[in-house]
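Please open the model in your viewer and keep the sequence panel visible. The tour below proceeds from whole chains to single residues, with a selection to make at each stop.

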Amino acid sequence: MKNIRFFIYFMLIFLVATGLFCAQEKSIPNLFIEADVANLREAIEKIEFVRLVENMDLAQISLKIRKHDFDSIYYLEFKGFGDFEGIDDDYVIKIKSEEDEIQSIIKNIEIALLKYMSKTKLKNNFKIHFDKNMKANKKQEDEWDYWVFQVGGSINLTGEQTRDTQTFSGFVYADRITDEVRLDINLSASYESQNYELIDSTITSVYENYSHTSSLVKSLGDHFAYGFHFGTTQSSYDNLDLYAYITPAVEYNLFPYWKSNHYILRAYYRAGYVYNNYIEETVYNKWEDHLAKQWLSLAFSANENWGTILASISGSNYFHDLTLYRLTTNNSIDFKLFGGLALSLGFDFSLISSQLSLPLSEASEEEILLGEILLETSFDYSLTFGFTYTFGSDKAHVVNPRFGY
Amino acid sequence: MKKGFLFSSQKPIIIYLLCLILFFEITINAQDSDNFTSIISIYIDDSTGAVDEEFIKEKISLVNYAIDRKDSHVHVIVTSLSTGSGTEYVLEFYGKKKFKNIDDRITFNIYSNDSDDQIRKSLVYNLKLGLFPYLIRTTYLKDLSLTYKKQNLLDLSNDPWDKWVFTLGLQGSFNGEESTNTLNMKSTFDVDRVTEDWRFDLSSNYTYNKSSYEISSTETIDSILDEKTLNLTIVKSLGQHWGLGVNGRVQASSYSNLDFSSKLAPAIEYNIFPYSEANRRIFRIHYWPGFYYQNYTEETIYDKWSEFLFGHYLLCAYSMKEQWGQIDFSTSGFHYFHDYEKYYVNIANTYSVNLFKGLSLDLYGYLAMIHDQLTLPKGGASQEEILLQQVEIETSYTYTISLGLSYKFGSKFSNIINPRFGYY
């Protein structure tokens, strides 16, 4: 009984090993070398992802190695054949005196061979490690002192016989991002006019938004930050001729900030002064307001192999009347489950009792249908779901661009 | 007995052997070479939208990221094309300045439901592979290490599904506030099989959108959009320049007043450039004659409830992507044989050009002359339908012109990520 079991184990291992070996063997490229340097051949034979061949005709890669007579300078000349046709490369390698000459040159050859390996099925079998602490920006002369500016604008005109739309927009961004301080200044303007020709009239709808936001953030280690926000906005949708604010802010992130591409869990608080000047008189019979307001939010995000999660809850209120508040939660998950099953869910909800800018006059039918103006509400919500199941071949990697898509 | 069969006393030996086979690794530490001592600047020119720049900057921090392509040592063009099971990405590396003529091309595949994180990781991995030929010529090679892992490489020729891929999808959203709400539902079913010789492409979808607007306490306006489509395209490749195929479509659409419509059209295409260069340039001439049967929900302005039609279509389209930018141009025309006056022609142009030093220009123009609106309902459209754009409206032309200009300048060393305060 024991013998049978042993035999089956042996066969299993043998099958797995030969299977893997055969699969590997097919993809391993043949290398032909021509070298006038002793001991190099044995060392190259040890490179696992190429197979050394004696015959130039069998080779997919040929490598000519020459060494300068007096110092440790090597010339490597790579040439590709067959699938690698046209991939040729030359290198000059200078080995430092303190280094093991053979070992160094082998390392260089291995890296140079990557250019060929990246075209084979073995290309995903490498682990490449770039030293994270090696920052390119260190020790650099920078005449702009990390400032980056961007200016842009666009015009968009569309139309047909009975309706047309004109959109104009422009922006100016300036930012300076260093590990210690981040400064962002954004200016943006947009103007949109839509015209609809109806049976007996023409409806024109205009949407305007001009805004400026600035923020200054100072880092306090890997978890804390503090700073200021300052901004002004003019918005026809919100009935605001001018909305201005200046608020200091603090933030704490449970995860170190350098993990932000993967995980964030932050608590963020700001409080300050807000000024509103209304285009039309509001339902509160006001033309302007000077107010003190605070905001608090908790947000979590994760971005991993299995998908993404975003979840946040935030609230704001005015100090002069605590019943004027807004509570919002935004949540979304996007899961890549097993097999080809993907699932996404989203849930947003707000409780609103702070529509200070709501105009006194009622919105017209056209304004409602065109979504042109803020409407009275005590809540808003959005629920989304998506489900995708893909099955079938996982080897269908062919591109066939005929007839477009 | 059976339970202990594979995992009994021999377990450590098996695991040990498997580990030995699967994870036999060699570690290599890269070496200095004195050729180039300043930092490499790369410019990533992405036309796929998949590039997560912050993630790349975090993972590959030993190069600099140029904001102007002319400041770079390596210009990387990222393009993509669809495959049966997902997307093929192409990274094309162009060496400049000291690296002139050191070019490379790396491709990799992504499955249609890979996560964003898997996509960005694959992109970083392949970007690293492609940067080696440049880094080997610098002093920064000492900061790199390379490990080769002999691992389970499966035989790709064994495909029980024979390249058939099936996708089922269902999406929905429901949003609203006190006086308005919207429901959107969409379900899809796609079957694809893409090989070098053939392409089979079946896609079907059902879209249902409903919006309600409370105009006053007594009046509510409801708007419904209901669309069903089943589309099948089969393409046979004829060498690197020709394709032959057939397209069939069945459709019902509340937008276009179609209760039922069907189309059958054989088609032929010629591409001046080989299809293997399609990610960078394509110039195709595409022609099909088609038979239609249409059944209308409402009587049309031509007093029809249903009709058989015969028409033909010609398209000429050119696209190219180069280091300086991208150009797309296309023009197409169609007419019905029963009445030559029933036709449309259109022309579309896109120029997206990186002029100099961070200045980029985007120009888009589209013009269509439309004289084939056979489906327009006799009753016309109500004011609500016009404002909500839920039905097709009579027109003899449509146009779009857009112009965008953007200028980016400043520090060449904008590599730092500082995510504090995020999106407040």
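Select chain A and display it as a cartoon: four helices and 18 strands appear. Helices (H or I, at least four residues) and strands (E, at least two) are DSSP runs, numbered from the N terminus. This is a predicted model, in which local features need pLDDT of at least 70 and side-chain atom pairs count only at pLDDT 80 or more, while totals for chains, interfaces and linings use all residues. Residues are numbered from 1 along each chain as its sequence is written, chains are lettered from A and ligands numbered from 1 in the order in which they are written, and side-chain values use heavy atoms, with hydrogens and water left out.

**Chain A as a whole**

Reduce chain A to its C-alpha trace, which spans about 95 × 60 × 60 Å along its principal axes. The radius of gyration of chain A is 33 Å, whereas a compact globule of 405 residues would have one near 22 Å. This radius is taken over C-alpha atoms, and the globule rule is 2.2 Å times the number of residues to the power 0.38.

Next, display the surface of chain A. About 21,100 Å² is exposed, and carbon and sulfur atoms supply 59% of it; such areas come from the Shrake-Rupley method with a 1.4 Å probe, and for residues only the protein chains shown count as cover. Of the 405 residues, 42% count as buried. Buried means under 20% relative accessible area, exposed over 50%, and partly exposed in between (1.4 Å probe, protein chains only).

Now colour chain A by pLDDT, the predictor's confidence in each residue, from 0 to 100. The average is 87, and 90% of the residues score at least 70. Select residues 17-24 of chain A, where the pLDDT is below 50; this stretch has 13 contacts in the model beyond near neighbours in sequence. Contact means heavy atoms within 4.5 Å.

**Chain B**

Select chain B, which contains four helices and 19 strands. Buried residues make up 50% of its 424 residues. The accessible surface of chain B comes to about 19,900 Å², with 57% belonging to carbon and sulfur atoms. Among contacts in chain B with a separation of 6 or more, 57% join residues 24 or more positions apart.

**Two loop residues**

Return to chain A and select A:Asp145, in the loop between strand E6 (126-130) and strand E7 (147-160). A:Asp145 is not a glycine, yet it has a positive phi of about 50 degrees. Its relative accessibility is 39%, so A:Asp145 counts as partly exposed.

Then select B:Gln389, in the loop between helix H4 (383-388) and strand E19 (397-410) of chain B. Here phi is near 55 degrees, a positive value in a residue other than glycine. B:Gln389 is partly exposed, with a relative accessible area of 38%.

**Two strand residues**

Select A:Ser169 in strand E8 (residues 163-177) of chain A. At 31% relative accessibility, A:Ser169 is partly exposed. Leaving aside neighbours within four places in sequence, A:Ser169 contacts A:Gly153, A:Ser154, A:Ala189 and A:Ser190.

Finally, select A:Asn303 in strand E14 (residues 288-304) of chain A. Is A:Asn303 buried or exposed? A:Asn303 counts as buried because its relative accessibility is 17%. Not counting residues up to four places away in sequence, A:Asn303 touches A:Asn261, A:His262 and A:Thr308, as well as B:Asp116, B:Asp117 and B:Arg120.
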